[in-house]
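Here's a quick briefing on how some helices and strands fit together in this protein. Have the model open while you read.

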Amino acid sequence: MELQLGCAKIDISPIKPVPLAGFAARNNEPCSDVHDPIYVRALLFRQPEQDGRHRDALVVSADLIWWGTDRMPDIRRTLEQRYGIPPERMVLNGTHSHSGPQTSFRFHRLLGQADEEYVTFLEERLYEAVERARADLEPIRIATGKGECRIGINRRKAAGRGFKFVGLNPEGPVDHEVNVARFTAETGKTKAVLFHYTCHPVITMDNAVSSEFPGSAMESLERELGEGAVCAFLQGCCGDINIYKALAGPELTDDRGIIRHFGNCLAQSVRDVLEGPMADRKPVRLNGVSDTLKLPLKPLPAMGQLSELADKSEPPYDEWAREMIRSYAARPDRMTLELNRLDIADGLSLLAMNAEVVVEYGLHVKQASNGNVWPVPYSNGMIGYVPTDAQIREGGYEPDTSTYYFHMPSRFAEGIEPLIRGKLDELVAVRRTPERSE
């Protein structure tokens, strides 16, 4: 079964100062500089059919915190109408860099307000990347391998009766695995590398555009491979995993140097996999399966409680309360987790989720699939953190404070974990069947 691949890499750096997403401490101020260009990298897969038609699938890695849920309906519609790529066969992933522009108009201003001109520019560049990738199609072979990179650490640490979200917890769950897929053209050159790791890119809080350590790793690998190879990073379930910054050593005091250091660490792990034995993978029928899961929230706050918070003028609660008052009658009592599984080869599938998912669920996907399915949250939108039931009981940033920044109507109710694990199991086990004829 033949599989073709076309690749493109396009600069999406803002051309004017805009607020960056991710850190309330920036106070929504426009960025001061561009330390590193940021890019969208597109991998377009095409499978010729016997009747002369074809099936396409799209995987995108962007140096962004996420793709906005509010923009995804238009993006999906355009990609399907213009290029024939159905929603179930697209994975638009953000590396989760906290040093790129905001892409959603839904969230608290302290997460960085989206700039309308930039969002329009970003989406135009996405479609340009797809155009270029379509012009770059050629048959490929696929090989996969696994490595290890130990630069991440669990960030939830007990502090008295509560939890600190920026603690260092060496005993907490973590995912050190690096997944690598190499796509080789018939000429023997490496056309693209797709690699997957699980760690928050939060080295720098400078108010300057940066692709952070995943971008540094991608750039390093692309320079070494040459010949136009595109190396694309996919972020894993890093909701409670931070970079272990102290590993950089005391001699590195500049954030840009630390970014390069950890970028080199990750790139070396990928290099080690590429230079070692990798398993050849046969393409399967390009198939996508989409599903949704309604996750229940705790009881929604009443108008009196919201009015009291709004009047106190204490961020982030005041703006959140005003937004909840504005949308009072329309507030949902559940949040919709969107998932889609994309099958590329025997032993290579992606499971996208439109949320900031904690590592426990990523480890579950890998175990349930024998490592054949890569969990890829921060994809196709963003609803907020998805914690475990234990984290909901413990409290802390992920299950509690973050909900105000994401303008969630309330916190998740305990009991969501078995629902999520069950749905993940369903999607891991789903058989490869055509989701539609074309």
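**Helices and a sheet, piece by piece**

Helices α3 and α4 sit oblique to each other, because their angle of about 55° falls in neither the parallel, the antiparallel nor the perpendicular range. Keep in mind that this is a predicted model.

**α3 with α4**
- α3 covers residues 212-225 and α4 covers residues 255-275, and their axes are 7 Å apart.
- The crossing of these two helices is right-handed.
- On the α3 side, the contact uses Glu212, Phe213, Ser216, Ala217, Ser220, Leu221 and Glu224.
- α4 answers with a set of residues including Ile259, Phe262, Leu266, Val270 and Arg271.
- Sorted by type, the contact residues come out as eight nonpolar, four polar and four charged.

**The four-stranded sheet**
- The strands of this open sheet run in the order β16-β17-β18-β20, and the pairing is mixed.
- β16 (283-296) and β20 (373-376) are the edge strands with a single partner each, so each has one side with no neighbour in the sheet.
- From one strand to the next, the twist averages 15°.
- β18 (residues 348-353) pairs with β20 in parallel over four bridges, and Leu351 is found opposite Pro375 of β20.

**α7, between sheet and helix**
- α7 lies across β18 and β20, at about 165° to β20.
- α7 (residues 359-368) also packs with α10 (residues 416-429) at about 35°, with axes 10 Å apart, in a right-handed crossing.
- Glu360, Tyr361, His364, Val365 and Ala368 of α7 meet α10 residues, among them Ile420, Leu424 and Val428.
- That contact has six nonpolar residues, one polar and four charged.

Methods: Residues numbered from 1 in each chain as written. Predicted model: local features only at pLDDT ≥ 70, side-chain atom pairs only at ≥ 80, totals over all residues. Heavy atoms only, no water. Axes fitted to C-alpha atoms, helices over the stretch in contact; angles between N-to-C directions. Left-handed = near helix turned anticlockwise from the far one by under 90°. Contact = heavy atoms within 4.5 Å. Nonpolar A, V, L, I, M, F, W, Y, C, P; charged D, E, K, R; others polar. Parallel < 35°, antiparallel > 145°, perpendicular 65-115°, else oblique. Pairing = 2+ DSSP bridges.
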